[in-house]
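This report describes selected local features of a protein model. Please keep the sequence and structure in view while reading.

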Amino acid sequence: MDTNTVILFSSLFLIGGVIMAKFSSRVGVPALVLFIIVGMLFGSDGFGFIYFDNASLTQSLGILALVLILFDGGLQTEWRRTKSVLPISLSLATVGVLITAGLFGLAAKLLLEVTWNEALLLGAIVGSTDAAAVFAVMEGKNIKRKLQSTLEAESGSNDPMAMFLTLSLLQLAIGEKTFGASLLLSFFWQMGVGLILGILLGFAASWAMKNIDLGSNGLYPVFSIAIALFTYSLTDLVNASGLLAVYAAALVLGNTKSLPYGQTIFRFHDGIAWMMQILMFIMLGLLVFPSELFSTWIVLKGLALSFILIFIARPVAAFISSIPFKFTFKEKTFLSWAGLRGAVPIVLATFPLLAGLDNSQLFFNLIFFIVMTSALIQGTTIPYVAKRLGLTGPEVHVPSHSLELVSSTTVNAEMIPYTITSSSKLIGKELSDISFPEKVLVSAIIRKDELIAPSGDTKIKVHDVLYILAENQKRSELEKVLGIRKTIGG
C-alpha cells in the first residue's frame, strides 16, 4: 500500500470515527464497538480493502495510544474528588485484578484444554478494566460522582497491574522466569518506582510550564505531549511501570493551579485521545479475522467465559476489594457491573502472539470476543443500571462554551467555572445581592448554551454556568459564598 493510500484511508477512518462517536452516544452503543466493526469490515474478511496481520505494529500503536489516553485521563481527573476514593480504587486495581484473573483463570482451565499457566495468563490479560472505554462511557453521564471517580481512578491505575501479571506469566510460560521472591520484588519495584517517577516528573513539568516562557501558546500542548512520552519511556528504561508513571504525572499536572494555557492543553489532549482511540480500535478490528472470531467454538467458549467474567469474577472481585470501605450494596453492585473491558486486554493479547506461544491465536480471538461482549452488554446498559439502582445524580449540563484566562506566564488569578445545581442557595438572587469577595468578578454566564454578559441585576438560574475571575488567595472565601466545602474544579 503506497503512502497516498495510507493517508487516504487514515483520513476516512478519522472522519468516520468522528461521525460514529456522535452516533454512538445517541444509540447507546460504546464507540469502541463501532470502531472495531469498521476495522473488521475494511479488513480481508470484510470488503477486502486492507489485508493486515501485523501484530507487532498493532502492539506498538496500542501502547502509544494507551500512553496518550491515560495521560488525558489523568489530566481530566480532579484530585479533590479522587483522593477520597483512592483507597478503594487502588484496592480494585490490585486485589481486584488478582481475584478477577484467578477466577477467570480457573474457569479457563475447566473450559479449555490449556495448562494452568496458560489459563492464568488468559485471566491476567482480561483482569483490568479499560481506561479508554470507562472514560468514554462515563463522560457526560449523571452517575454519582463518587462512583464515577472510583471507576475512572481504577481504570487509570489497574493497567500496570494487568501488564505486570501478563508479562510475568508469559515469561513463566516460555521458560524465561520462575516464580519466586524475584517476581515479587519486581512487582514492588515496577509499581513503587513508576509512581514516584510519575509524581516527580509531573511536578517538574508543572514547574517548567509555569516558569519558562515558551514564547507561543501552541508550544504548550506540544511540550505536554512530550512530557507524556518522556515519562513513559524513561520509566520503562528502568524497568518500572511506564503506564502508572504517565497517569501519575498527568494527575499532578492536571491539578496544578494557574497552569498557563491549561484549557488549551486539556482540549488538545482530549482531541489526541479521541484520535488514538479511533485509530487503535480500527487497527484492532483490522487485525482480527471475523471468520475465525465467529466460529462456533469461539462463540460458545467466548460466551461462557464472558458470562463468568461479567457475572462471577468481576462481582466477586469488586465485593471483596470493597469490604474495608463504606460502600452500600447497590454501589458495590454498580462497581461490579461497570467493569468494562476494552483495548488493554486486546493489546495485551498480542504479547503471546509475538512470543510464539502455543494457542496464542486462539487466545487472541477469545479475548477479542470477550471484549466485544463486555462492551455490548455492560457498556450499553451502564446508565440504565445506575438509574435502576438509584445511583444517578442531578442531570449533568455540559456547556458548549469555554472561557480561559490566557497568559504565557504564571498569574495570580484564574477563571473558575461553577455550575448552579438545583440545590444551590444562589438561585433567584441577583448578582448585586451576592456578597462576593473583593477582586472576584463574574465575567460571563452560560445559560442554555448562550453567552450572557452579566450585570448587577442578572438573576441566577438553575444550570447556569458562572465563569468567575478570582485571585488564588480568594478561593476559600469564594467557596463559602458558593456554599461548597472543597476546592472548585476547573
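## Helix packing and local backbone features

Helix H5 (residues 86-111) packs against helix H9 (residues 159-173) at an angle of about 40 degrees, and their axes lie 8 Å apart. The two helices are therefore oblique to each other (angles under 35 degrees count as roughly parallel, over 145 as roughly antiparallel, 65 to 115 as roughly perpendicular and the rest as oblique). Ala93, Thr94, Val97 and Leu98 of H5 meet Met161, Ala162 and Leu165 of H9, where contact means heavy atoms within 4.5 Å. The residues of this contact comprise 6 nonpolar, 1 polar and no charged.

The model is predicted: local features need pLDDT of at least 70, side-chain atom pairs count only at pLDDT 80 or more, and totals for chains, interfaces and linings use all residues. Residues are numbered from 1 along each chain as its sequence is written, and side-chain values use heavy atoms, without hydrogens and water.

In helix H20 (residues 475-482), the buried residues are Arg475, Leu478, Glu479, Val481 and Leu482 (buried means under 20% relative accessible area, exposed over 50%, partly exposed in between, with a 1.4 Å probe and protein chains only). They cover an arc of only 160 degrees around the axis, which puts them on the same side of H20. Just after H20, Gly483 has a positive phi of about 80 degrees.

Two residues other than glycine also have a positive phi.

| Residue | Phi | Loop between | Relative accessibility |
|---|---|---|---|
| Asn239 | about 60 degrees | helix H11 (219-237) and helix H12 (242-254) | 56%, exposed |
| His463 | near 75 degrees | strand E3 (450-452) and strand E4 (465-471) | 35%, partly exposed |

Note on methods:
Helix = DSSP H or I, 4+ residues; strand = E, 2+ residues; numbered from the N terminus. Arc of directions from axis to C-beta. Axes fitted to C-alpha atoms, helices over the stretch in contact; angles between N-to-C directions. Nonpolar A, V, L, I, M, F, W, Y, C, P; charged D, E, K, R; others polar.
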